[in-house]
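This briefing introduces a protein chain and the charged patches on its surface. Please look over the sequence and the structure before reading on.

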Amino acid sequence: MSSREGGKKKPLKAPKKGPKELDDEDVKFKEKQKEEQKKLAEIKAKATQKGPLVGGGIKKSGKK
């Protein structure tokens with residue numbers, strides 16, 4: 001009888017890496033990203049309040 005171990009065996013999972021040490025540049029970059037994310041969220045909230053910008057849809061020609 002054949003065994004059920006056909007094909008390649010999956011490699012064992014690598015152990016998780018420990019927490020990284022962040023430089024001053026990394027900290028500044030992450031803060032800048034958070035600020036940009038907040039700005040985008042505010043802009044998105046304002047845009048949803050006003051409604052659609054253009055309500056025209058598809059324009060059809062006058063020919064029939």
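In this predicted model, D26 is found in helix α1. D26 counts as partly exposed because its relative accessibility is 34%, and partly exposed residues lie between the limits of 20% and 50%. The points below place this residue within the chain and its surface.

**Overall fold and surface**
- The protein chain has one helix and zero strands.
- Helix α1 covers residues 24–50.
- The protein chain has 64 residues, of which 0% count as buried.
- Its accessible surface comes to about 8000 Å², and carbon and sulfur atoms account for 55% of that surface.

**Negative patch**
- A patch of negative charge on the surface brings together E21, D23, D24, E25 and D26.
- D26 therefore belongs to this negative patch while also being partly exposed, at 34% relative accessibility.

**Positive patch**
- K17, K20, K30, K34 and K38 form a positive patch on the surface.
- One of these lysines, K30, has its place in helix α1.
- K30 has a relative accessibility of 46%, so this residue counts as partly exposed.

Key. Residues are numbered from 1 along each chain as its sequence is written. This is a predicted model: local features need pLDDT of at least 70, side-chain atom pairs count only at pLDDT 80 or more; totals for chains, interfaces and linings use all residues. Side-chain values use heavy atoms; hydrogens and water are left out. Patches are made of residues with over 30% relative accessible area and no salt bridge: like charges are joined within 9 Å, nonpolar side chains (Val, Leu, Ile, Met, Phe, Trp, Tyr) within 5 Å. Accessible areas come from the Shrake-Rupley method with a 1.4 Å probe; for residues, only the protein chains shown count as cover. A salt bridge is a side-chain nitrogen of Lys or Arg within 4 Å of a carboxyl oxygen of Asp or Glu. Lys and Arg count as positive and Asp and Glu as negative; His and the chain ends are not counted. The place of a charge is taken as NZ of Lys, CZ of Arg, CG of Asp or CD of Glu. Helices (H or I, at least four residues) and strands (E, at least two) are DSSP runs, numbered from the N terminus. Buried means under 20% relative accessible area, exposed over 50%, partly exposed in between (1.4 Å probe, protein chains only).
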